[in-house]
Amino acid sequence: MTTLEIRDLHVSVDTPEGDKPILKGVDLTIGSNQTHAIMGPNGSGKSTLAYSLAGHPKYRVTSGSVLLDGQDLLAMTVDERARAGLFLAMQYPVEVPGVTEANFLRTAKTAVSGQAPPLRAWIKEVAAAMEALRFDPEFQERSVNEGFSGGEKKRNEILQMELLKPKIAILDETDSGLDVDALRVVAEGVNRAQAATGAGVMLITHYTRILDYITPDFVHVFVAGRVAEEGGPDLAARLEAEGYDRFLSAD
Amino acid sequence: MGIDTKSRGTRLASFDLTDFPMPTGREEEWRFTPVRDLADLLLDDLAAEVVVQVQGPLGSGVTVEVVGRDHPAIGLAPAPGDRVAAAAWAAAESATLVTLNAGKVEDGVTVVRVIGSDGSTPARPSALHLAILAKAGARGTVLLEHTGLAHLTQGVEIVLEEGADITVISVHDWADGSIQAASHRVRLAQDAHLKHAVVALGGALVRLTEQFELAGPGASLDALGINVTDSGQHHEAQLFVDHAAANCRSRVAYKGALLGPLARSVWIGDVLIRSRAEGTDTYELNRNLVLSKGARADSVPNLEIETGQILGAGHASATGRFDEEQLFYLQSRGIPEELARSLVVHAFFAELIDQIGVLGEIKDALKMAVDSKLDQRSNHNQRRSQ
């Protein structure tokens with residue numbers, strides 16, 4: 001049983017005009033096997049939350065705490081956080097020319113699990129996961145994300161989630177830019193990974209569309225850098241009908 | 001110091017040392033070089049101290065001999081283009097001549113080992129002349145290896161007769177503190193093809209001048225280069241690709257990684273398309289990856305075109321810092337920072353090493369040499385951060 005506890009988190013970003021506060025006191029607790037949808041309008045700080053949890057150097061935590069199973073996540077380097085069990089599926093996955101997908105996956109798996117995976121079992125596991133996500137096997141020999149379509153990049157993030165088996169997975173707008181078929185493939189991958197590992201999932205999205213395929217246990221509405229309202233799956237249905245205007249006018 | 005507005009084609013080239021005044025460091029061809037470090041190599045009293053060993057296939061494809069400078073196969077390449085190259089020529093009473101015989105295909109690699117001292121005594125200023133002659137239709141590969149401690153000016157002439165197709169790879173893996181000027185002077189006859197690659201890893205100062213004269217119609221050149229440069233090292237490559245005949249093709253690709261704060265690299269790529277060189281197709285590229293603050297890479301592409309009747313001419317030059325977003329992405333998958341950096345640097349060179357290493361054994365040897373240099377660095381960093 002894993003718990004990610006975010007307490008009163010304040011985060012700023014450096015801009016040419018100076019320090020700009022983005023997150024203004026986020027409280028959130030995510031446990032194993034739970035799915036939390038984080039919804040909200042553009043610019044509300046959803047992606048900032050995702051990247052500051054993963055440790056991107058652009059974001060500076062000014063106060064608050066984040067504990068992963070009682071360990072201080074904010075004191076860890078980016079790679080230590082991943083090895084502690086955190087995973088971020090990025091909205092814009094980065095191209096790494098010259099590093100093959102196969103080499104990347106094996107290197108990451110070795111780093112996360114602390115030892116090289118047994119070769120034959122690993123090859124089978126990768127092949128099965130790629131097939132389930134509709135990847136041609138030749139992708140293993142291609143450079144990471146280089147020349148991938150938008151949908152292929154998103155599927156590649158979920159492939160990594162399935163293979164690295166994190167305790168907590170943050171999915172940052174994994175649904176954006178996907179057509180309905182790709183969305184279903186990606187959502188099935190998330191559900192499969194969660195069923196296999198019991199991961200806690202933080203699903204960041206602007207639209208309710210993906211929630212037709214991944215059922216959240218909790219819905220949090222994010223406005224102006226903090227959680228403005230929380231509820232069950234029914235809250236998503238209300239947002240679908242009403243939009244975010246109610247929260248924005250109150251801001 | 002101004003920009004040199006004269007055509008590259010009019011620059012002095014001569015076999016006579018006295019034609020070249022002592023460089024001051026302000027000349028176009030010297031302005032990036034620490035001339036003082038080479039001062040001993042600009043004189044006319046150089047020793048012949050380094051050892052040359054040749055190991056090669058025993059078939060009929062290759063002949064290796066030591067000959068006098070008056071041998072008819074010596075002095076066929078373009079004349080030296082600066083004083084340090086002329087000094088190497090002036091001092092060379094004999095030369096090691098590797099002949100790839102006419103019409104023969106040699107699958108094995110001829111390895112020429114240039115070996116400095118073991119470092120127990122300081123290296124004396126020395127000169128050395130090598131010649132590679134590919135007779136008509138010859139095919140083969142020559143690998144030049146440079147190791148040990150040396151203080152050397154070296155002339156390498158490479159002459160390809162009609163239809164010859166050869167690969168010449170020069171690996172500079174000198175011991176720390178070594179100083180080398182190397183002048184590769186190349187002439188390609190009609191329909192000849194040369195793949196030429198230089199790999200600079202070691203030494204305190206390695207300055208390569210490479211003159212490629214595409215002298216016969218239909219000649220083709222691939223000029224490739226790698227430098228892995230650490231703090232306190234200066235690696236320099238000055239290329240002159242001279243399109244002097246019609247319908248020739250040249251491709252230049254040089255990449256460098258600068259590892260430490262005082263690492264210094266220079267790449268100059270002069271391409272001249274003479275008026276008679278109609279149908280020329282040329283492209284040159286230089287990329288540098290700067291991994292440390294304070295390191296400096298100069299990159300100077302220069303294209304002169306005297307005829308409009310060409311297929312294509314282009315160049316690209318870029319010097320970039322390590323990409324922090326790539327680093328973040330790899331680290332966010334649990335990969336430690338040093339390993340992530342190493343992955344990206346290997347990736348930076350991978351394609352070029354594949355291009356150089358037509359033969360598996362050479363590719364593997366190059367990968368190992370580059371890896372070992374990079375690993376030294378990362379071990380060094382890890383020790384420092386502990």
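**Exercise 1.** Find how many residue pairs are in polar contact across the interface of chain B and chain A.

*Solution.* A polar contact is a pair of N or O atoms within 3.5 Å; within protein, one must be able to donate a hydrogen and the other to accept it, and residues adjacent in sequence count only if both atoms are side-chain atoms. With both residues at pLDDT 80 or more, the rule finds 10 residue pairs. pLDDT is the predictor's confidence in each residue, from 0 to 100. This is a predicted model, in which local features need pLDDT of at least 70 and side-chain atom pairs count only at pLDDT 80 or more, while totals for chains, interfaces and linings use all residues. Residues are numbered from 1 along each chain as its sequence is written, chains are lettered from A in the order in which they are written, and side-chain values use heavy atoms, with hydrogens and water left out.

**Exercise 2.** Identify the salt bridge between chain B and chain A.

*Solution.* A salt bridge needs a side-chain nitrogen of Lys or Arg within 4 Å of a carboxyl oxygen of Asp or Glu. The count between the chains is 1. A:Glu157 pairs with B:Arg333, and the closest N and O atoms are 2.7 Å apart.

**Exercise 3.** State the area buried between the chains, and which three residues of chain B supply the most of its share.

*Solution.* Buried area is the accessible area (1.4 Å probe) that two parts lose on being put together, summed over both. Here the chains bury about 1,900 Å², 71% of it on carbon and sulfur atoms. B:Phe328, B:Tyr329 and B:Arg333 supply 43% of the area that chain B buries against chain A, more than any other three residues.
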